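The following exercises are intended for a reader who meets this structure for the first time. Please keep the sequence and the model in view while working through each solution.

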Amino acid sequence: MSSVQIRDVRKSFGNFEVLHGVTIPIEDGEFVVLVGPSGCGKSTLLRMLAGLENITSGTISIGDRVVNNVQPKERDIAMVFQNYALYPHMTVADNMGFSLKLRGAKSEEISTGVKRAAEILALTPLLDRYPRQLSGGQRQRVAMGRAIVRDPQVFLFDEPLSNLDAKLRVAMRTEIKELHQRLRTTTVYVTHDQIEAMTMADKIVVMHDGIVEQMGSPLELYDKPENQFVAGFIGSPA
Ligand code: ADP
Ligand code: MG
């Protein structure tokens with residue numbers, strides 16, 4: 001677990017600035033949800049937290065460490081994407097253990113990590129199966145298993161549920177929330193679904209065109225939206 005500080009972060013692709021100075025303080029153990037319309041810069045910000053995109057200006061710190069120039073695999077972060085492609089030729093156990101293997105973990109360490117993650121996610125009976133033998137929800141749990149197997153300081157989720165049907169989405173939302181209550185890992189969760197944001201977040205950050213419009217608890221945003229955009233997005237009358 002760790003706090004994350006995003007300070008005045010800007011990002012340009014060529015001459016096109018997509019983030020115009022974003023500041024988001026995130027406390028140790030907090031579940032922060034980034035919302036905003038498509039194209040507002042949510043994924044770009046998450047990719048910068050993961051180290052997959054460099055920062056044009058500003059700083060990102062994890063714990064006490066400024067990570068601007070730290071490579072992805074040296075950051076203690078795990079990311080779950082929308083398109084969580086599992087390795088089709090590997091069992092569930094091997095899919096989950098792969099990131100530990102890549103980091104040079106010993107085989108006992110890998111199997112301990114996989115067992116722990118499998119228990120947390122109720123995947124123990126499925127460890128020998130292949131991805132094609134799993135339902136959509138089970139595959140999504142394996143994708144989460146790959147992330148939690150390392151017990152990272154920070155989880156990043158980029159619209160992890162948007163490819164699931166409505167019923168499964170609600171079930172997985174509850175599961176992710178319970179996982180957070182159990183592990184208390186600092187989490188940054190991107191969605192464009194207001195209900196997901198309202199039900200999951202300790203703190204919601206509303207983004208729009210590369211800036212933060214407002215941040216606060218779900219109740220604060222619902223009760224006191226600071227402008228028309230936030231009011232419209234959160235769905236309360238302005
Ligand atoms: P969101 O996740 O909120 O939908 P993104 O962060 O994916 O938004 O994109 C923000 C903006 O940055 C969009 O206008 C997108 O086209 C642009 N963008 C994202 N990645 C790149 C890239 N690698 N090169 C150029 N433009 C990009
Ligand atoms: Mg995105």
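The exercises below treat the model, its sheets, one helix and several single residues.

**Conventions**

This is a predicted model in which local features need pLDDT of at least 70 and side-chain atom pairs count only at pLDDT 80 or more, while totals for chains, interfaces and linings use all residues. Residues are numbered from 1 along each chain as its sequence is written, and chains are lettered from A and ligands numbered from 1 in the order in which they are written.

**Exercise 1. State the confidence scores of the model and of the protein chain.**

Step 1. The model has an ipTM of 0.98 and a pTM of 0.91.
Step 2. pLDDT is the predictor's confidence in each residue, from 0 to 100. Its average over the protein chain is 91, and 98% of the residues score at least 70.

**Exercise 2. Determine the strand order of the open sheet formed by 6 strands.**

Step 1. Helices (H or I, at least four residues) and strands (E, at least two) are DSSP runs, numbered from the N terminus. Two strands pair if DSSP finds at least two bridges between them.
Step 2. The order is S6-S7-S8-S3-S9-S10, with mixed pairing.
Step 3. Strand S6 (77–80) and strand S10 (211–216) are the edge strands, each pairing on one side only.
Step 4. On average, and with direction ignored, neighbouring strands of this sheet are turned by 15 degrees against each other. Axes here are lines fitted to C-alpha atoms, for helices over the stretch in contact, and angles run from 0 to 180 degrees between N-to-C directions.

**Exercise 3. Describe strand S8 and its partners, beginning with whether its residues are buried or exposed.**

Step 1. A residue is buried if 20 or more other C-beta atoms lie within 10 Å of its own, exposed if 12 or fewer, and partly exposed in between, with C-beta atoms placed from the backbone. In S8 (residues 186–190), 5 of 5 residues are buried.
Step 2. Thr186, Val188 and Val190 point one way from the strand, whereas Thr187 and Tyr189 point the other way.
Step 3. Strand S7 (residues 154–158) runs parallel to S8 and is joined to S8 by 5 bridges. Strand S3 (residues 31–35) also pairs with S8 in the parallel sense, over 4 bridges.
Step 4. Thr187 in S8 stands opposite Phe155 and opposite Phe31.
Step 5. Together with helix H5 (residues 166–183), S7 and S8 make a right-handed β-α-β unit. A crossover is right-handed if, with the strands pointing away from the viewer, the path from the first strand over the helix to the second runs clockwise.
Step 6. S3 is in turn joined by 4 bridges to strand S9 (residues 203–208), and these two run parallel. Val35 has Val206 in S9 as its bridge partner.

**Exercise 4. Find the strand order and edges of the open sheet formed by 4 strands.**

Step 1. The order is S2-S1-S4-S5, and the pairing is antiparallel.
Step 2. Strand S2 (16–26) and strand S5 (65–66) each have a single partner strand, so one side of each is left without a neighbour in the sheet.
Step 3. S1 and S2 run antiparallel and are joined by 8 bridges; Leu19 in S2 is the bridge partner of Lys11.

**Exercise 5. Place helix H4 (residues 136–148) against the strands and describe how its buried residues pack.**

Step 1. H4 lies across S6 and S7 and runs at about 170 degrees to S6.
Step 2. Of its 13 residues, 10 are buried, among them Val142, Met144 and Ile148.
Step 3. These buried residues pack against S6, helix H2 (92–102), helix H3 (107–120), S7 and H5. Two residues are in contact if their C-beta atoms, placed from the backbone, lie within 7 Å.

**Exercise 6. Classify Asp8, Asp209 and Ile62 as buried, partly exposed or exposed.**

Step 1. Asp8 is found in strand S1 (residues 4–13). Asp8 is exposed because 12 other C-beta atoms lie within 10 Å.
Step 2. Asp209 is found in the loop between S9 and S10. Asp209 counts as partly exposed because it has 14 C-beta neighbours inside 10 Å.
Step 3. Ile62 belongs to strand S4 (residues 57–62). Ile62 counts as buried because it has 21 C-beta neighbours inside 10 Å.
Step 4. Not counting residues up to four places away in sequence, Ile62 touches Ser2, Val4, Val67, Arg75, Gln153 and Val154.
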